[in-house]
Every structure is written in structure tokens, then in C-alpha cells.
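Trainee: Hey, got a minute to walk me through this one?
Mentor: Sure, have a look first.

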Amino acid sequence: MNFRTLLVFCSHNLLNPVQLTTYYFYLLLTTYNLLLTKLGLAIKQESRRFAAFIMEKTTLSRRVNSLAESQTIGMSKLSRELSSQGIDVINLSLGEPDFITPEHIRIAAKKAIDEGYTHYPPIAGYAELRKAISVKFKRENNLDYEPSQVIVSTGAKQSIANVVLSLVDPGDEVIIPMPYWVSYIEIVKLAEGETVSINTTIESDFKMTPAQLEAAITPKTKMLIFSSPCNPTGTVYTRDELKALADVLAKHPRVFVMSDEIYEHINFLDKHESIAQFDNIKDRVIIVNGVSKGYAMTGWRIGYIGAPKYIADACDKMQGQFTSAASSIAQKAAEVALGADIGPTLEMQKAFRRRRDLVLNLMKDIPGWIINEPKGAFYVFPDVHSYFGKKDGDTVIENATDLCMYLLHKGHVSLVTGDAFGDPNCVRFSYATSDDKLVEAIRRIKEALAKLR
Ligand SMILES: Cc1ncc(COP(=O)(O)O)c(C=O)c1O
């Protein structure tokens, strides 16, 4: 109410000047009070937030403070936030098959519940599942791992953590070719190991060479970690390439290899090859695998290792103090997945291959994107650095993270910055979604990029 309306109000309500002044004074005071309370509240809130920040930084362990949050999960969270505001976002930032778990596996899980598989399983996994994994190693990879050399965990991520925490001491060096899967670095940090990166480039199909590996090994090297097929590049090493790497490692008997083969079944070359097949290093190889990707079972959380017995035993001990065994029901489902006909997996593989071809075909006329043909997994990892320095109005693209944000806000397509994988020139595009969405996503990307000058 301003002064004039107040006067009109007073004359209508017959207030005298004293009443009027008192009323006006009262109004002023209430406004002032309100402002003070608001200011007070804001100051209180800010100081609370500051105190919480200080508390977080000084109370939480150095260990957890040193960890980075997963940027793939972060990007997915952002795109979900936009979706919840009613924006139609195509989320290509997550690494999981869009298919649901095949029916025979779902039935096995329901049966397991009805049959009473509801108690704690042995830490290392049910004997039947460890046997099924041992048989799988022989059948699909021609590798000999006794069930006692197999440890089942809550996802391959836990398998990796178990191995790193069991082998790496503070100060040990762990060689990781770049680009790498996000969690390797953070898990090595947890173990207080030192990461030694090997830079690979799009020109060499993102592959490390034997010479690079040799040059990276020092007396402090404990382990090499790599994935083939690789997340994020889709790179797949051939048998000859793996043999050449194994020959280098054979000269360094104290160096272990963690071979992450979680994308084994999403491989567009003839046959999956494992570095564990070479006898000169087999006793130092730990294979990590699981059912998440090949059987569309990401939510079931079943991963496993095949390893020398003493390393398997160490992982059993480690897991026993952390999480105990993986879910009883998921284990029974995984047993059926690994033991049954692999038909549904091959169908999914075919779909991923078709989508890869579709995406590569649509991407080839995006100006300035340099694209490498992935041979496995379900990602394309284009080099987008030619867009750095370009602008759309006030928005300037300085790096791959800016480009991802721009594509999210302008094109409503969510990708992941290559920074998350150690390559600041690239972005990761996951094609684990329907053909229609892929076509629309690339249309939107092209439209948004065309506005950058
Ligand atoms: C290369 C790689 N290794 C391991 C994992 C972890 O798999 P899981 O879901 O079984 O924990 C992932 C998941 O994205 C991955 O991409």
C-alpha cells in the first residue's frame, strides 16, 4: 500500500492524522522487521552451509575427499533433472543396455526366491555359480580356472576394487592406458596407489603399443589395468596385439595385469581374445567379468574374477569384511544366465552392431568430428576439438565439457565429456538405446552444432 492509497483508505475509514501516522509507522516497522528477519535467515542459512562445508572438509577422511564423483552418473542426473521439468532429453550418457534381462533369467530369480535362496550365501559365491563360471571360462575362452579361483562379487566394479585393494600398497604404480573407464583411477586412489597413464590417440585406434608399455614400467609398477573391448572407445585388441603386450609383461615378473572383459559379448570382431591365454603371464593375470553388459543385468549386480588362487583368496577375505556375498537371488539368476543358451546375448550383440553402423553412418557428415570405428562395447568416442573456441551468442565452447553442456541445454542430448575418461578432446556417445532415439539425437546434435560459429 503506498501513501496515496493509504490516504484514500483513511479518509474512507475516517482515520485521524495521529492514527494515520501511527499506522504508517507500524507499516514501516513491520517491513523493516521482515527485511531484518529475511536477512537474518539468509545469513543464518549461509553460515550453516559454510559450517557444513568446513565440517565436510575437515571431518571426512582424506580418502573420500580425494575421490571425484562419477561424471557419467553426474551427467545422467543432470539430464534427469531437465526431464523432470518436462524437457524431452535423450540420455546417451549411461553405460547400460536398454534391453531388459531375458525371460529365462528372470524366471530363475523368481524360482530362487520360492525355493528359499534367501539366506547369506558363502562370501565367494554359491559353489554352483563358481562352477558355472569355471565352465564358462573353459567353454568360451579355453581358460582353466578352478571354481576355487573364482570369486563372485556385487558387480564387476566390486571385483575391481577387491583386486586393487588386495594387491596395491601406498606408492605402488598402476599403469592405466588413457582413455580409461572412470572408476579405475578412483579405485587406485582409494588404495593410495599412483596412476601412471599411457596416452593413446584416435590415430592409433586408442591402443597402447608394446613400446609404450615397456617405457611405463618402473621398479614400482604393480599392475596394468585395461579393458578390451574398451569403455569409452570401443577399442578391441587382437590376439597378436595382446601377445605383444604379454611378451613385454613376461620380462617383468612382478607386474600383474587386471584384464577387464566385461564387454566380452559385445564384440564385433570374430572372437573375444583374453590376455590370460598366454602361458608366459597367465599366473599374473586377473580376469574381471560379469553379467551386467552381456546379459542385460546391470541392476542385478553380479561380477566375478578368475585369478591365481592366492589372489582369489585375498579378494574373498577383503569382500568378507566389506559386503559379504553378492545377492543370493541375483547369484541364482546369474548361474542360469551363464549356463544357458547364449542366444539372447547374441541377439543383443547383433542389435548393438546394427546401431553402431547406423550411428557411424549418421555421424560421418558432422563437420569437424573425427570418428574412430569402435569394434566393441556400445560407445562412439569422437574427437570434437575443432569446436573449441566457437560461440553461439554468449555461450563459448572452451572444451569438451562445455560442448556437452551446450548439447544438453541446446539440443537436449546428454553425452559425457572425454575429460571423465582422461581425454579432453573427445565426448562419449552411448548407442545403447533405440534406433529412433539415436536418429533423433544425432539430428539434434547436428542442429545445435550448426549454430556454433
Ligand atoms: C569397463 C567397465 N568395467 C566394469 C564396469 C562395472 O560393471 P558392473 O556393472 O558389473 O559393476 C563397467 C560398467 O560400466 C565398465 O564399463
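Mentor: Let's talk through a helix, some strands and the ligand.
Mentor: This is a predicted model, where local features need pLDDT of at least 70, side-chain atom pairs count only at pLDDT 80 or more, and totals for chains, interfaces and linings use all residues. Residues are numbered from 1 along each chain as its sequence is written.

Trainee: Cool. Which residues of H6 are buried?
Mentor: In H6, they are Leu129, Arg130, Ala132, Ile133, Lys136, Phe137 and Asn141. Buried means 20 or more other C-beta atoms within 10 Å of a residue's own, exposed means 12 or fewer, and partly exposed is in between, with C-beta atoms placed from the backbone. Helices (H or I, at least four residues) and strands (E, at least two) are DSSP runs, numbered from the N terminus.

Trainee: Where do the buried residues of H6 fall, seen down the axis?
Mentor: They fall within an arc of 155°, so they line one face of the helix. That arc is taken from the directions from the helix axis to the C-beta atoms. Ala127, Lys138 and Arg139 are exposed on the other side of H6.

Trainee: And what span should H6 have?
Mentor: H6 covers residues 127-141, and its 15 residues should span 21 Å at 1.5 Å a residue; the end C-alpha atoms are 21 Å apart, which agrees. The expected span is 1.5 Å times one less than the number of residues.

Trainee: Switching to strands. Is E3 buried or exposed, mostly?
Mentor: Mostly covered: five of the six residues in E3 (residues 173-178) are buried.

Trainee: Which strands does E3 pair with?
Mentor: E3 pairs with E4 (residues 194-199) in the parallel sense, over six bridges. The chain gets from E3 to E4 through helix H8 (residues 182-190), in a right-handed β-α-β crossover. Right-handed means that, with the strands pointing away from the viewer, the path from the first strand over the helix to the second runs clockwise. E3 also runs parallel to E5 (residues 221-227), joined by three bridges. Two strands pair if DSSP finds at least two bridges between them.

Trainee: What does glutamate 173 stand opposite in E4?
Mentor: Glutamate 194. In E5, the bridge partner of glutamate 173 is threonine 221.

Trainee: Last topic: how many residues surround the ligand?
Mentor: 13, and the closest are Gly155, Ala156, Lys157, Asn231 and Ser292. A residue is near if its C-beta atom, placed from the backbone, lies within 6 Å.

Trainee: What kinds of residues are in that shell?
Mentor: Three nonpolar, eight polar and two charged. Ala, Val, Leu, Ile, Met, Phe, Trp, Tyr, Cys and Pro count as nonpolar, Asp, Glu, Lys and Arg as charged, and the others, Gly among them, as polar.
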